[in-house]
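Here is a protein model, to be gone through by question and answer. Each answer sets a value against its definition.

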Amino acid sequence: MVQLRIEGTGVRVEVSDTGPGIPDELHKGLFMRPMFSSAGGLAGGLGLVIVKRILQLHGSDIALLKRAEKGAVFSFRLA
């Protein structure tokens with residue numbers, strides 16, 4: 001689901017889903033470049049890294065919001 005609301009002179013965008021959510025242990029590296037762990041797994045993803053950088057170039061940022069229900073909510077502001 002995508003929600004938009006006026007915030008000052010811009011718009012707050014929230015993108016949410018109803019999936020299983022993002023485990024707490026992945027929150028720290030969520031917006032970082034992917035790297036291989038010593039266990040052979042991949043930590044992080046490239047998509048959110050790209051989104052974060054595009055928003056930074058436009059003077060904004062993205063955050064993962066805490067949510068009591070299932071799913072994930074990402075929030076950012078567009079001027």
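Q: Why is F74 called buried or exposed?
A: Buried means under 20% relative accessible area, exposed over 50%, and partly exposed in between, with a 1.4 Å probe and protein chains only. F74 has a relative accessible area of 15%, so F74 is buried.

Q: What kind of model is this, and how are residues numbered?
A: The model is predicted: local features need pLDDT of at least 70, side-chain atom pairs count only at pLDDT 80 or more, and totals for chains, interfaces and linings use all residues. Residues are numbered from 1 along each chain as its sequence is written, and side-chain values use heavy atoms, with hydrogens and water left out.

Q: What makes F31 and F74 an aromatic pair, and of which kind?
A: Rings of Phe, Tyr and Trp (its six-membered ring) pair if their centres lie within 6.5 Å; planes under 30 degrees apart count as stacked, over 60 as edge-to-face and the rest as tilted. F31 and F74 are 6.2 Å apart centre to centre, with 85° between the planes, and form an edge-to-face pair. The structure holds one aromatic pair.

Q: Which parts does the pair of F31 and F74 tie together?
A: F31 lies in the loop between helix 1 (24–27) and strand 3 (35–36), and F74 in strand 6, so the pair ties together parts 43 residues apart in sequence. Helices (H or I, at least four residues) and strands (E, at least two) are DSSP runs, numbered from the N terminus.

Q: Why does F31 count as buried or exposed?
A: F31 counts as buried because its relative accessibility is 19%.

Q: How do you know whether S75 is buried or exposed?
A: S75 has a relative accessible area of 6%, so S75 is buried. S75 is found in strand 6 (residues 73–78).

Q: What makes the pairing of S75 with R12 a polar contact?
A: A polar contact is a pair of N or O atoms within 3.5 Å; within protein, one must be able to donate a hydrogen and the other to accept it, and residues adjacent in sequence count only if both atoms are side-chain atoms. The side chains of S75 and R12 make such a contact at 3.1 Å.

Q: Which residues does S16 touch, leaving out those up to four places away in sequence?
A: Contact means heavy atoms within 4.5 Å, and S16 touches M1, R67, A72 and V73. S16 lies in strand 2 (residues 10–16).

Q: Why is V2 called buried or exposed?
A: V2 has a relative accessible area of 57%, so V2 is exposed. V2 lies in strand 1 (residues 2–7).
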